[in-house]
Amino acid sequence: MTLELRCGDVVTGCEGVVSGNTEEEVLTAAAAHAAEAHDLTTIDPATERALVAAIHPV
Ligand SMILES: [Zn+2]
C-alpha cells in the first residue's frame, strides 16, 4: 500500500506531494520537502499531527 501526503492539505497553496510505504517514510519525505520548499527545518508537534492526519492511502 502506498501512502501519500499532499502538502497543500497542510500548507495552503503548496502543490507538493510526498509518498512512501509507511507513515514514517511519508513523514521523512515530508520533512525533507518542508525543509527544501518551506525553509521549515523543524516540525513542531502540532504540525506533525496535522501531517499525520493528512496522510492517506492511494
Ligand atoms: Zn509544501
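Here is a short chat between a student and a tutor about the predicted model above.

Student: Before we dig in, what kind of model is this?

Tutor: Local features need pLDDT of at least 70 and side-chain atom pairs count only at pLDDT 80 or more, while totals for chains, interfaces and linings use all residues, since this is a predicted model. Residues are numbered from 1 along each chain as its sequence is written, and side-chain values use heavy atoms, with hydrogens and water left out.

Student: Which residues coordinate the zinc ion?

Tutor: Donors are N, O and S atoms within 2.8 Å of the metal (3.2 Å for Na, K and Ca), and with water not among the atoms, sites may look incomplete. Here the distances are 2.0 to 2.2 Å. Along the chain the donors follow the spacing C-x6-C-x18-H-x4-H. The residues are C7 (SG), C14 (SG), H33 (NE2) and H38 (NE2).

Student: What is the arrangement of the four donor atoms around the zinc ion?

Tutor: Four donors count as tetrahedral if all angles lie between 85 and 135 degrees. The angles around the zinc ion are 106 to 111°, so the arrangement is tetrahedral.

Student: Is H33 buried or exposed?

Tutor: Buried means under 20% relative accessible area, exposed over 50%, and partly exposed in between (1.4 Å probe, protein chains only). H33 lies in helix 1, and H33 touches C7, C14, G16, V18 and H38, not counting residues up to four places away in sequence; contact means heavy atoms within 4.5 Å. Its relative accessible area is 18%, so H33 is buried.

Student: Where on helix 1 do the buried residues sit?

Tutor: Helices (H or I, at least four residues) and strands (E, at least two) are DSSP runs, numbered from the N terminus. The buried residues of helix 1 are V26, L27, A30, H33 and A34. They cover an arc of only 120° around the axis (taken from the directions from the helix axis to the C-beta atoms), which puts them on the same side of helix 1.

Student: And which exposed residues are on the face turned away from that buried side of helix 1?

Tutor: The buried residues have cover that includes strand 1, strand 2 and helix 2 (45-54). The face turned away from the buried side of helix 1 carries the exposed residues E24, T28 and E36.

Student: What is the order of the strands in the open sheet?

Tutor: Two strands pair if DSSP finds at least two bridges between them. Strand 1 and strand 2 pair in the antiparallel sense over four bridges, and L3 has G20 in strand 2 as its bridge partner. The open sheet has three strands with antiparallel pairing, in the order 2-1-3.

Student: Which residues meet in the salt bridge?

Tutor: A salt bridge is a side-chain nitrogen of Lys or Arg within 4 Å of a carboxyl oxygen of Asp or Glu. The structure holds one salt bridge, at 3.3 Å, N to O. One partner, R6, counts as partly exposed at 40% relative accessibility, while E4 is buried at 13%. The pair is R6 and E4.

Key. Four donors count as tetrahedral if all angles lie between 85 and 135 degrees; four count as square planar and six as octahedral if opposite donors are over 155 degrees apart and all others between 65 and 115; anything else is irregular.
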